[in-house]
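Thanks for coming, everyone. I have one structure to walk through today. Let me put it up on the screen.

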Amino acid sequence: GDKNLAKLKATFGSRAVLANDFNHIELRAASIDTTGKAPAAPAGLEQVETPGRRLRIVQFKGPIQPEWLTKLQSLNGVKVINYVPNNAYLVFLDAAAENEVRALREPAGPVQWVGAYHPSYKLTSALQKADFIMDVNVAVVDAPEAETALEFIRSFAQETMPSSARVPNQRMISARIDATALNEIARMPEVLWIDPINRIRPMDEVQALILA
């Protein structure tokens, strides 16, 4: 707190500063300064309110204490997905649960920031603008809502490579999709991220291309 910082400054002088990274969230496709206004998402890739559960980023006020995470996990309707640097978690919740999370904000509790997880955070700017057919991995929340999301993704797929796989708190599907549909897929509340797949061509195909 402020008293501890004052003591440190008395001992170390100007070398004692607040850890700036405690106020930053580093995502795959964005960086957020939680002391200011979050960067605006591109048009059409902003998170919109939904009647069911949606994704939010919850940042704690410092290095995460086990009891803080336990408290977050204990809230009814909250599914914690994964850690996000710095000192944050991606969570899946509804409006009522979000109100409970916001009640944990400073100064009364350990949470310092709760923010939207925009569709633009789920895919790189290059993918947002791509206009060709490509192979991608798409991850969705491992929750009952996942089945509807996976069916939606399959509806755009020209081909799906084997059936969806599970990793902790996530389900993943690989599909060949026209990239112009990726923004629409990213707008699904259950979608976590989208990544391109770099397919390895068989050696005979590569040799044929070289000879050609």
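Let's start with the contacts of one residue. Leaving out residues up to four places away in sequence, isoleucine 177 touches Phe132, Ile133, Met134, Val136, Ile153, Phe156, Ala157, Leu182 and Ile185. Keep in mind that this is a predicted model.

Where does isoleucine 177 sit? Its place is in strand E9, residues 170–178. Is isoleucine 177 buried or exposed? Its relative accessible area is 1%, and the cut-off for buried is under 20%, so isoleucine 177 counts as buried. Take one partner from that contact list, Ile153. Isoleucine 153 and isoleucine 177 are 24 residues apart along the chain. Their C-alpha atoms are separated by 8.9 Å.

Next residue: serine 164. You will find serine 164 in strand E8, residues 157–167. Its contacts are Leu150, Arg154, Arg171, Met172 and Ile173, again not counting residues up to four places away in sequence. How far is serine 164 from asparagine 137? In sequence, 27 residues; in space, 9.8 Å, C-alpha to C-alpha.

Now the sheet. It is open, with 4 strands in the order E4-E5-E3-E6, and the pairing is antiparallel. At the edges are strand E4, 79–84, and strand E6, 111–116, each pairing on one side only. On average, neighbouring strands are turned by 25 degrees against each other, direction ignored.

Let's go through the pairs. E4 and strand E5, residues 88–93, are antiparallel and share 5 bridges. Within that pairing, asparagine 82 has leucine 90 of E5 as its bridge partner. E3 and E5 also run antiparallel, and 6 bridges join them. Here arginine 56 has valine 91 in E5 as its bridge partner. Then E3 and E6: antiparallel again, with 5 bridges. For isoleucine 57, the bridge partner in E6 is glycine 115.

Stay with E3 for a moment. How many of its residues are buried? The count is 7 of 7. Recall the general rule: in a regular strand, side chains alternate between the two faces of the sheet. In E3, both faces are covered. One side has Arg54, Arg56, Val58 and Phe60, the other has Leu55, Ile57 and Gln59, and all are buried. Note the arginines in that list, Arg54 and Arg56.

What lies across E3? Helix H3, residues 95–102, does, and it lies across E5 and E6 as well. Against strand E3, 54–60, the helix runs at about 5 degrees.

Last topic: a pocket. This is the second largest one, with a volume of about 160 Å³. Which residues line it? From the earlier part of the chain we have Glu26, Leu27 and Arg28, among others. The lining also includes Asn82, Tyr83, Val84, Pro85 and Leu90. Tyr117, Tyr121, Leu192 and Trp193 are lining residues too.

Which strand gives the largest share of that lining? E4 does, with 3 residues. Strand E10, 191–196, and E4 each supply at least two. By character, the lining divides into 9 nonpolar, 1 polar and 2 charged residues.

And here is a link back to the sheet. Asn82 and Leu90 both line this pocket, and asparagine 82 and leucine 90 are the bridge partners I mentioned between E4 and E5. That's the tour. Questions, please.

Key:
Residues are numbered from 1 along each chain as its sequence is written. This is a predicted model: local features need pLDDT of at least 70, side-chain atom pairs count only at pLDDT 80 or more; totals for chains, interfaces and linings use all residues. Side-chain values use heavy atoms; hydrogens and water are left out. Two strands pair if DSSP finds at least two bridges between them. Axes are lines fitted to C-alpha atoms, for helices over the stretch in contact, and angles run from 0 to 180 degrees between N-to-C directions. Contact means heavy atoms within 4.5 Å. On a 1 Å grid over the protein atoms alone, a cavity is a set of points where a 1.4 Å probe fits but cannot get out, and a pocket is an open set with protein on both sides within 12 Å along at least five of seven lines; lining residues have an atom within 4 Å of a point. Grid points are joined across faces, edges and corners, and a volume is the space filled by probe spheres set on the points. Ala, Val, Leu, Ile, Met, Phe, Trp, Tyr, Cys and Pro count as nonpolar, Asp, Glu, Lys and Arg as charged, and the others, Gly among them, as polar. Buried means under 20% relative accessible area, exposed over 50%, partly exposed in between (1.4 Å probe, protein chains only).
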